[in-house]
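Colleague: I have a structure to learn from. Can we go through it in short questions?

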Amino acid sequence: MPTAVAAPAARPLPLPSTPWTAADIEDLFALPFNDLLYRAQQVHRAVFDANAIQRSALLSVKTGGCSEDCKYCSQSARHEAKLARESMLELEQVLDAAKAAKAKGATRFCMGAAWRGPKDRDLDRVLEMVSSVKALGLETCVTLGLLKDGQAEKLAAAGLDFYNHNLDTAEEFYGEIVSTHSYADRMATLEKARAAGMKICCGGIIGMGESRRVRAGLLAQLANMKPAPESVPINHLVAIPGTPLAEAPALDPFEFVRTIACARISMPTSFVRLSAGRQDMSDELQALCFLAGANSIFYGDKLLTTANAEASRDEALFARLGLKGN
Ligand code: SAM
Ligand code: DTB
Ligand code: SF4
């Protein structure tokens, strides 16, 4: 009879009341892959149905022409990406997309706008979209950039469930990626959304040439929010021609899976969303991400400006893996 060999001892997880350090999370990253995934599965199964995946649909309600210089983004007016600028969609167009998304099984509808932040007259139109989408029986999410005083309260009053605002990377690397606003600006908007009583959707982008330490620092920052974001999108960089990150060095796919596992372990009760980049991932890599504790996806053929994995491919993958929507 073969004897079971004990898994190598890893540093005990911090108690829920002690903050995570980047070093704690780097220690998780450094575990043998199988041990890391085993720990992530244990944490995942203690809180969630391990075979259920939440699906959010995404729609760009205002595309391109953004004043900001985020190096990864096709929508910055400062980059050369070939992108047609579009004015804000009409309410009817948004509602048609939301109804179609609901019919396909999405439970949340997220609307994105390429702004540094909304002007008050723009916000009024978004508020109408939020209340109308909510009336269809969908959860609502918007991502509009930096909020001014009073805007979060208006969004909450319109029935907004989630405000998406990503930290994108660790503070120490943020200046390499964006110069037109600061990490502190983004933290202030997250605080406004929280103070108005909304749930937070906040994550980042992996594969921008950052170090593992930076990835660990981003996760520590997210995990130490009080409370941690209810929804944590982990985007793989989509390297878009014409953006300054078009030639970013390729990331080892296992490092991406490790990032998901570390997010799951450090934020046990959050939905961890396998976000941008799925179109270029194999089914096997996505399956590893689900095993590592990802339990949400963007569902539908398009993200904001780039293609997403097709819904029919997702359905086939869910069937092959015995996954269900929730
Ligand atoms: N303008 C608002 C803002 O910056 O918060 C909302 C829209 S912005 C496009 C939303 C998020 O999309 C970014 O924070 C980033 O995480 C993600 N994103 C944008 N371009 C991406 C890319 N090429 N690859 C991966 N994620 C991307
Ligand atoms: C998030 O974290 N990822 C989504 C959503 N929140 C708004 C956006 C991904 C965008 C990918 C590149 C594009 O399509 O332009
Ligand atoms: Fe503008 Fe948002 Fe793109 Fe930055 S990420 S350029 S703020 S749309």
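What follows is a set of questions and answers on two ligands and a few residues.

Modeller: One point before we start. This is a predicted model.

Colleague: Which residue has a polar side-chain atom 2.6 Å from an oxygen atom of ligand 2?

Modeller: Start with the surroundings. Ligand 2 has 13 residues around it, and the closest include L304 and T305. L304 uses a polar backbone atom, 3.1 Å from an oxygen atom of the ligand. The side-chain atom at 2.6 Å belongs to T305.

Colleague: How much of ligand 2 does the protein bury?

Modeller: Take one more contact. The side chain of N235 has an N or O atom 2.9 Å from an oxygen atom of ligand 2. Alone, ligand 2 exposes 410 Å², and the share of that buried by the protein is 88%.

Colleague: Where does ligand 2 sit?

Modeller: N166 and T306 are among the closest residues to ligand 2. As for the site, ligand 2 sits in the largest cavity.

Colleague: Now ligand 1. Which residue places a backbone N or O atom 3.0 Å from a nitrogen atom of ligand 1?

Modeller: Ligand 1 has 18 residues around it, and Y72, R186 and V238 are among the nearest. W115 also offers a polar backbone atom, but that one is 3.1 Å from a nitrogen atom of the ligand. The backbone atom at 3.0 Å belongs to V238.

Colleague: What share of ligand 1 does the protein bury?

Modeller: Ligand 1 sits in the largest cavity. One of its oxygen atoms is 2.9 Å from an N or O atom in the side chain of N166. Taken alone, ligand 1 exposes 550 Å², and the protein buries 90% of that.

Colleague: Is D168 buried or exposed?

Modeller: D168 is one of the residues that come nearest to ligand 1. It lies in the loop between β4 and α6. Its relative accessible area is 4%. Buried means under 20%, so D168 is buried.

Colleague: What is the phi of D168?

Modeller: D168 is not a glycine. Even so, its phi is positive, at about 70 degrees.

Colleague: Which residue's side chain makes a polar contact of 2.7 Å with the side chain of H181?

Modeller: H181 lies in the loop between α6 and α7. At 8% relative accessibility, it counts as buried. H181 touches C70, R116 and L146, among others. Its side chain has a polar contact of 2.9 Å with that of Y174, and the one of 2.7 Å is with E68.

Colleague: Is E191 buried or exposed?

Modeller: E191 is in helix α7, residues 183–195. Its C-alpha atom is 9.7 Å from that of A152, 39 residues apart along the chain. The relative accessible area of E191 is 53%. Exposed means over 50%, so E191 is exposed.

Colleague: Which residues does D283 touch, leaving out those up to four places away in sequence?

Modeller: D283 belongs to helix α10, residues 283–291. With a relative accessible area of 18%, D283 is buried. Beyond four places in sequence, D283 touches R313, L317 and R320.

Colleague: What is the omega of the peptide bond from K226 to P227?

Modeller: P227 is found in the loop between α8 and β7. The bond from K226 to P227 is cis, with omega near -5 degrees.

Methods:
Residues are numbered from 1 along each chain as its sequence is written. Chains are lettered from A and ligands numbered from 1 in the order in which they are written. This is a predicted model: local features need pLDDT of at least 70, side-chain atom pairs count only at pLDDT 80 or more; totals for chains, interfaces and linings use all residues. Side-chain values use heavy atoms; hydrogens and water are left out. Helices (H or I, at least four residues) and strands (E, at least two) are DSSP runs, numbered from the N terminus. Buried means under 20% relative accessible area, exposed over 50%, partly exposed in between (1.4 Å probe, protein chains only). Contact means heavy atoms within 4.5 Å. A residue is near a molecule or strand if one of its heavy atoms lies within 4 Å of it. A polar contact is a pair of N or O atoms within 3.5 Å; within protein, one must be able to donate a hydrogen and the other to accept it, and residues adjacent in sequence count only if both atoms are side-chain atoms. Accessible areas come from the Shrake-Rupley method with a 1.4 Å probe; for residues, only the protein chains shown count as cover. On a 1 Å grid over the protein atoms alone, a cavity is a set of points where a 1.4 Å probe fits but cannot get out, and a pocket is an open set with protein on both sides within 12 Å along at least five of seven lines; lining residues have an atom within 4 Å of a point. A molecule sits in a cavity or pocket if more than half of its atoms lie within 2 Å of its grid points.
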